[in-house]
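The exercises below concern a predicted model with a bound ligand. Work through each task before reading its solution.

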Amino acid sequence: MPLRVGFVGLGAMGLPMARNLHRAGLLAGAWNRTAAKAAALAAETGVTAAPSLAALARDCDVVVTCVSADADLLEVVAQLAAALRPGAIVADCSTVAASTAREAAQRLAAAGAEFLDCPVSGGTEGAVAGTLSIMVGGNETTLERARPALEAMGGSIALMGPVGAGQAAKATNQIMVAGINQAVTEALAFGQAQGLPMERLIAALEKGAAGNWFLSKRGPTMIRREFPLGFKVGLHAKDLEICRRMAEELGTRLPLVEMTLLHYSRLPAQSADEDISALFRLKSDMFPRGGD
Ligand code: NDP
């Protein structure tokens, strides 16, 4: 019998992830806070739009969640916990604090269910292609039971340790993303202020030692002052707040985290819903003639 998988949170990431579960023949149903999104997926795929989280939970072996932030996950888990079958698994792909993952696991364990923190990296492109890098925290046996669902959404599945370790790995990733964003936006703004032919510059740089995913995928759009999603500034700022708290627990502050949070706070308000490459706005404006 194939796994019966439910999906909660049909956002920019969740919708394509749910579609990949459907393609793999595993998606039994979906629930979304804004019900119209679940209804649209149901119309597209023929799977059930669950009327409530409890109804979805009753019908599934694995529930994959992909919601915005810590409080959202705990709300969803509280409602799922009341109805999940014994031994059912919640695999959470949201980015939240490691401590929130542990709290979710405790609440589910009290209800006889299991939990894996499964944060993902690879952006909306990775979600669409089913090639996400999934960093898992939890028990190995639980992971093996949930593996078919994760394989439908990811190209790499790495067990990092007990519950919370997946989120610790994702926090590490988000610090690196901050540094890469800082490096690429600042350097390209400098190149632009030098009057360089920007498309040719990106094509040259991406073949050398400074080449990276963000330069190749976001460089060509940022130099046109376009910032299509992608990954929202607001969500990265949320993740960096998590990194800040985790660093504070270790008694330190991280310069990249602090600088990026400060710079995001200086972007215009509408940038919260733009791609993180919108940091290029701030970097271009550092040059007296605006850099463009
Ligand atoms: P979106 O804002 O596109 O979607 C958020 C989803 O969560 C929506 O379905 C929303 O429902 C739902 N939601 C939010 N709050 C609640 C709540 N209280 N109860 C129930 N449902 C809720 O975000 P993304 O899809 O971009 O991101 C989702 C998660 O994945 C985040 O934790 C993010 O950090 C992480 N992530 C994002 C990446 C990206 O590139 N975008 C990459 C890797 C990880 P509704 O439709 O009603 O608003």
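**Exercise 1.** In which pocket does the ligand sit? Locate the ligand and describe its surroundings by element and by domain.

Solution.
- Step 1: The ligand is found in the largest pocket.
- Step 2: Helix 4 (70–81), helix 6 (123–129) and helix 11 (233–249) are the elements that each supply two or more residues to the shell around the ligand.
- Step 3: Because domain 1 (5–162) and domain 2 (168–284) both give residues to this shell, the ligand lies between them.

**Exercise 2.** Describe the shell by residue class, and name the residues that come nearest to the ligand.

Solution.
- Step 1: Sorted by class, the shell contains ten nonpolar, ten polar and eight charged residues.
- Step 2: Of the 28 residues around the ligand, the nearest are Ala12, Asn32, Thr34, Lys37 and Ser68.

**Exercise 3.** List polar contacts to the ligand, then state how much of its surface the protein buries.

Solution.
- Step 1: Valine 67 places a backbone N or O atom 3.1 Å from a ligand oxygen atom.
- Step 2: For lysine 232, a polar side-chain atom is 3.3 Å from an oxygen atom of the ligand.
- Step 3: For glutamate 75, a polar side-chain atom is 3.4 Å from a nitrogen atom of the ligand.
- Step 4: The ligand taken alone exposes 900 Å², and the protein buries 91% of that.

**Exercise 4.** Examine the backbone in the loop between helix 10 and helix 11.

Solution.
- Step 1: Most residues other than glycine have a negative phi, and most peptide bonds are trans.
- Step 2: Arginine 225, in this loop, has a positive phi of about 60° although it is not a glycine.
- Step 3: Glycine 230 also lies in the loop between helix 10 (213–222) and helix 11. The peptide bond from leucine 229 to glycine 230 is cis, with omega near -15°.

Note on methods. Residues numbered from 1 in each chain as written. Predicted model: local features only at pLDDT ≥ 70, side-chain atom pairs only at ≥ 80, totals over all residues. Heavy atoms only, no water. Near = heavy atom within 4 Å. Polar contact = N/O pair within 3.5 Å; in protein donor to acceptor, adjacent residues only side chain to side chain. Areas by Shrake-Rupley, 256 points an atom, 1.4 Å probe, with all protein chains shown as cover. 1 Å grid on protein atoms, 1.4 Å probe; cavity = no way out; pocket = protein on both sides within 12 Å on 5 of 7 lines; lining within 4 Å. Sits in = over half its atoms within 2 Å of the grid points. Helix = DSSP H or I, 4+ residues; strand = E, 2+ residues; numbered from the N terminus. Nonpolar A, V, L, I, M, F, W, Y, C, P; charged D, E, K, R; others polar. Domains from an automatic or database assignment.
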